[in-house]
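Biologist: Before we start, please explain how to read the features of a model like this one, taking them one at a time.

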Amino acid sequence: MNDSNNNNDHKLNESLDDLSFDEYDELMNPTSETTDFDRVVEASLTRRDLLKSVVVFGSIAALGGFNALSNEARAASSRIGFSPIDADTTDGISLPAGYKSHVVARWGDPLWSGVPEFDHATRGTALSQSKAFGDNIDGMEAFAVGDKTVLLVNNEYSNRKVIWGNRPEGKPTTDDDINKIKMAHGLTAVEISETDGQWSIVKDSPYNRRVTPDTPTVLTGPAAGHDLMKTAADPTGTTSLGTFNNCGNGSTPWGTYLACEENFNGYFSAEDEDHKVSPELKRYGVSSKDRGYQFAKVDERFDVAKHPNEANRLGFVVEVDPRQPDAMPKKRTALGRFKHENAEVVVNGDGRIVVYMGDDERGEFLYRYVSNGLYAVGGETDSLMEDGRLYVAKFHDNGAGEWLELTPESTGLSSMAEVCIHTRIGASAVGATTMDRPEWVASNPNAAEVYCALTNNKNRGIKPNPGGDPTPVGGPNPRAENQYGQIVRWRPNGGDHSSNGFAWDLFVIAGNPALHSDARGGSSNVDAGNMFNSPDGLKFDDNGILWIQTDGNYSNEKDFAGHGNNQMLASDPATGEIKRFLVGPNECEITGLTWSSDKRTMFVGVQHPGERGGSHWPDGGDSVPRSAVLAIQREDGGKVA
Ligand code: FEO
Ligand code: CA
Ligand code: CA
Ligand code: CA
């Protein structure tokens, strides 16, 4: 979604339809204002103070050291092999010289023969949408299955004003309209193939699949079968219908896909709008007031007054096997329940699986899971994400940090099942560090070093999180009312991802150095030529280049003047260098990144172009804007990673 940084008064005057998920949550569940003037004043650092405060990894030249290089030395030593591009606000794709792109798949493209092409006048029907590529693509991964390429893509949500743009005021008029938007959610598995350099959908492939909010899934791990998971539809509490609002993704060494359920709360409501939801559900923003999707009108399980446990069955990491298109997706409750962004899987030196995960809401936490079992190629993998330990991060101001284990004893919750259901409550109980909206986590393939995008947090230093935990300025969250975001990184002690200690610093602090000379100018590896806001997607390529995707304010004015449309940049962890690679069409975010197995094509997601009516990308003319997967290639046919 667009996380615009306008003030609340302005937001209150806007239609609910224009609010992002997190803005809506705040409107529904306002927390008390607890402005701490001392802390806000304390945060009024100069840019120089800020830089001093964040340089922790002395051996790394990312911040202070980077500026010491001359431009010539920088160019000569750069590992990023393209000429960076300017910011822009054009309704198209901008790339460096020597690169080209084409669209592989768009919202509404049929996956099977006989399914009608996308109809720009009607935006299709529930039936056509259920057999076509879903909307608002987010995390994605390309898998080599034999000699085939199968792309798994999250379809995070759908823009109501776009999919219902054929209806008065963009509101549904029939049950089929509501079922259509429901079918636009979930995920899409699709075989794609390349002919003469052009990638396209392989219709009728046995690997093509839609997973929707109605697809049966299996619950695994500590929460499976617990009373809080039992519903009228499934009194055993071991299965769950569907998955939706999957944001970022992960993949496992054994070749499966991880879809991560994020803002699941926004789909529940109650016929009785005075119904009071439980404090446990309220912590996740579940409300009796409909957010606009109206799922409960066509499917009673979304009525939280009648079926309160339905919402307990969402907020998980979901494992999907691209090789078994008929297998039920598995919800991995051992990885905790929160607004999952992505799931970065690392094989630790001793063979244990470590999964790093962010909870994307203002003032929520960063988590780590460590399996008890060991991964071996060709060995049993089903238990690796069922049986393990869950931790939450605490950052100290001195550059050290620790992982705090979440157990019944440490949290006061009654069982591991409850820890895996009320994970946020457990993390608050152990005193974890409230973060500036943790988005994607990415692990450096060349070093025991992990990065997390902290996208922005206008409440930093202003308001507690939804659990009432304070959000003091400091540590990895150094700026009050943080409108630009930053990327934190940490190194586990001894290079051991299962160690409970780590050292951290800030890799980049986004800002606008053309306008601001205080902390809002950002770190020294940000300049007028590469500035951006709201880092969100993060992924390393095989060369150890960290790609940064943005989901921020695209107004290109005031504090965001010069930032242009949302974009993708390449950065070098060793030097801190950052270069802009791609700028997307109007009102989109750039999210989702994967490569063909020969690395000659990079696939990039363009989500919600025209979310406010200002784009006709990719089809042009008067067409309906459509989320799409781009293929990006070098004109000389070389590798893109
Ligand atoms: Fe769906 Fe946190 O972005
Ligand atoms: Ca999004
Ligand atoms: Ca995101
Ligand atoms: Ca975001």
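Biologist: Which residues of helix α8 (residues 175-183) are buried?

Modeller: An α-helix has 3.6 residues a turn, so residues three or four places apart point the same way. In this predicted model, the buried residues of α8 are Asp177, Ile178, Lys180, Ile181, Lys182 and Met183. Buried means under 20% relative accessible area, exposed over 50%, and partly exposed in between, with a 1.4 Å probe and protein chains only. Helices (H or I, at least four residues) and strands (E, at least two) are DSSP runs, numbered from the N terminus. The cover over the buried residues of α8 includes α6 (126-130), α7 (160-163), β6 (209-211) and α10 (295-298).

Biologist: What conventions apply throughout?

Modeller: Residues are numbered from 1 along each chain as its sequence is written, and chains are lettered from A and ligands numbered from 1 in the order in which they are written. Local features need pLDDT of at least 70, side-chain atom pairs count only at pLDDT 80 or more, and totals for chains, interfaces and linings use all residues, while side-chain values use heavy atoms, with hydrogens and water left out.

Biologist: Which residues coordinate the calcium ion (ligand 3)?

Modeller: Donors are N, O and S atoms within 2.8 Å of the metal (3.2 Å for Na, K and Ca); water is not among the atoms, so sites may look incomplete. Here the donors come from Glu341 (OE), Glu439 (OE) and Asp536 (OD, listed twice), at 2.3 to 2.7 Å. Along the chain their spacing reads E-x97-E-x96-D. Glu439 belongs to strand β18 (residues 438-443) and Asp536 to strand β22 (residues 535-540), so this pair ties together parts that are 97 residues apart in sequence. Glu439 is buried at 2% relative accessibility, and Asp536 is buried with a relative accessible area of 2%. The calcium ion (ligand 2) lies 5.0 Å from the calcium ion (ligand 3).

Biologist: Where does Gly108 lie, and what is it in contact with?

Modeller: Contact means heavy atoms within 4.5 Å. Gly108 sits in the loop between β1 (99-106) and α6, and is buried, with a relative accessible area of 6%. Neighbours within four places in sequence aside, Gly108 is in contact with Phe118, Ala132, Phe133 and Arg626. Gly108 and Ser128 are 20 residues apart in sequence, yet 8.0 Å apart in space, C-alpha to C-alpha.

Biologist: Which helix gives the most to the lining of the second largest cavity?

Modeller: Rolling a probe the size of a water molecule over the atoms shows where empty space is left. For this cavity the answer is helix α2 (residues 21-28), with three residues.
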